[in-house]
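Here's a walk through this protein, written for someone who would rather look at side chains than at tables. Have the viewer open as you read.

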Amino acid sequence: MLLTLFLFFLSALVIYFACEYFVNGIEWLGHRMKLGATATGTVLAAFGTALPESAVTFMAVVFGTTPEQKDIGVGAAMGGPLVLATLAYAVVGWALWRGGRSAARINADQQRLARDQAWFMGVFVVKVALGLVVFAWKPWLGLLFLAVYGLYVKRELANDEACLDCDDIEPLKLRPRDPTPTTAWAAAQTVLALVVIAGASHVFVRQIELLGIAMGASPHVAALLLAPVATELPEIMNALIWVRQGKERLALANISGAMMIQATIPSALGIFLTPWLLDGPLVAAGLFTLLSIALLWLRFRRACMSVPVLSTVGGFYGLFAVYLGWHFVR
């Protein structure tokens, strides 16, 4: 148990410092590609940090040999969006609150974030609905989810604003004395950071599983509550780093983009390779996710999202945890 706890905290620390290099490299990549802050966060950063959780679903549904192992993949595909829609957004709110912004509005393109929430809700409703019905050609609908993500990326790049200002970016960590590092150096730092994040995330997830076993948690609990928190750690770390740097726009865009990936790519894998039938806890995870997104969408659409409201969406995750505990105890 002591070794598990040591590796748990060590891997979390490694992920945090690797994310420092990742966000620095991804900002320079966005600048070199003449992308704006929103597209950099929703496309580049989100795709990179979504790799760990997508890998969990991929390994479980492709190489899983038992129904329990495949259940972990489906649970991760449902639990990931829940964590992002609740805890990840709340972390941004809490970080801004601690930074003295308790009464301030969010500094971001709220209308654009509202459109992202609307896209996510549309895809997620279909995703949950498919888990309630059985029909022969359901696996082919996985292609639809991949196509939706492709359209989302195309829209983000087409509607991007002015590119990132180089003056707002810290020097590239691998080239601290170079005022204009090349795209190759920025890409190298980003890829190296991703490799470290992926390795440390794998260790972190394993420790979460061992801690869950020690606490007597079932595979469903591990898949819905524990594993998603572990695999979404890079997004949460990125959000903390960007908020600390005064760049909540990038932090929110990263979460928003990661949510679209979670609503489409892991879902497509699950629909391709499992029966994709959702039981009570999985449906409940979907409903709590939609409740949180509905609140976010309403506030972003009215351009009145504030730090206190953003901080409260984490409560939906707490309510789901209470429900899950009640469900398995009764």
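## Two salt bridges

Let's begin with a charged pair: R175 and D178 form a salt bridge, with their closest N and O atoms 3.7 Å apart. Keep in mind as you look at it that this is a predicted model. The two partners fall on either side of the burial cut-off, which is 20% relative accessible area. R175 counts as partly exposed because its relative accessibility is 33%, while D178 has a relative accessible area of 19% and is therefore buried.

The count of salt bridges comes to 2. In the other one, D116 pairs with R155, and here the closest N and O atoms are 2.5 Å apart. D116 sits in helix α5 (residues 110–130) and R155 in helix α6, so this bridge ties together parts that are 39 residues apart in sequence. Are these two charged residues buried or exposed? D116 is buried, with a relative accessible area of 2%, and R155 is buried too, at 15%.

## The overall build

Zoom out and you'll see helices: the protein has 13 of them and 0 strands. Reading from the N terminus, every element in the run is an α.

Of the 330 residues in the protein, 55% are buried. Take the contacts with a sequence separation of 6 or more, and 86% of them are between residues 24 or more positions apart. As for the outside, the protein exposes about 14,200 Å², and carbon and sulfur atoms supply 71% of that.

## Inside the core

The largest nonpolar core holds 92 residues, and V92 and F320 are the ones that touch the most other members. Which helix gives this core its largest share? That would be α4 (residues 67–98), which puts in 15 residues.

V92 is found in that helix, α4. With a relative accessible area of 0%, V92 is buried. Leaving out residues up to four places away in sequence, V92 touches A239, V243, A251, L252, I255 and L310. Take A239 from that list: V92 and A239 are 147 residues apart in sequence, yet their C-alpha atoms are 6.2 Å apart in space.

## F320 and its ring neighbours

Now the other well-connected core residue. F320 has 0% relative accessibility, so it counts as buried. Apart from residues up to four places away in sequence, F320 touches L82, L224, L225, P281, A284, A285 and F288.

There are 8 aromatic pairs by count. One of them joins F320 and Y323, with ring centres 6.3 Å apart and 35° between the planes, which makes the pair tilted. Both residues lie in helix α13 (residues 314–329), 3 residues apart, or about one turn of the helix. Y323 differs from its partner in burial: Y323 is partly exposed, with a relative accessible area of 22%, whereas F320 is buried. Ring pairs also take in more residues here, linking F288, F320, Y323 and W326 into a cluster.

## A glycine in α10

Turn next to helix α10, where you'll find G257. G257 is buried, with a relative accessible area of 0%. Which residues does G257 touch, once those up to four places away in sequence are set aside? They are T42, A46 and Y152.

For a sense of how the chain comes back on itself here, try G257 and T40. These two are 217 residues apart in sequence, and their C-alpha atoms are 9.5 Å apart in space.

## A nonpolar patch on the surface

Finally, the outside. F58, V62, W137, W140, L143, L146, F272 and L273 form a nonpolar patch on the surface, and together they have about 800 Å² of accessible area. Where do these residues come from? Helices α3 (51–63), α6 (142–158) and α10 (248–273) each supply at least two residues of the patch.

L143 is one member you can pick out by eye. L143 lies in helix α6, and a relative accessible area of 46% makes L143 partly exposed.

How values were computed
Residues numbered from 1 in each chain as written. Predicted model: local features only at pLDDT ≥ 70, side-chain atom pairs only at ≥ 80, totals over all residues. Heavy atoms only, no water. Helix = DSSP H or I, 4+ residues; strand = E, 2+ residues; numbered from the N terminus. Buried < 20%, exposed > 50% of the residue type's maximum accessible area, 1.4 Å probe, protein only. Contact = heavy atoms within 4.5 Å. Areas by Shrake-Rupley, 256 points an atom, 1.4 Å probe, with all protein chains shown as cover. Core = buried A, V, L, I, M, F, W, Y, C linked by side-chain atoms within 4.5 Å. Patch = residues over 30% accessible without salt bridge, like charges linked within 9 Å, V, L, I, M, F, W, Y side chains within 5 Å. Salt bridge = Lys/Arg side-chain N within 4 Å of Asp/Glu carboxyl O. Phe/Tyr/Trp six-rings, centres within 6.5 Å; stacked < 30°, edge-to-face > 60°.
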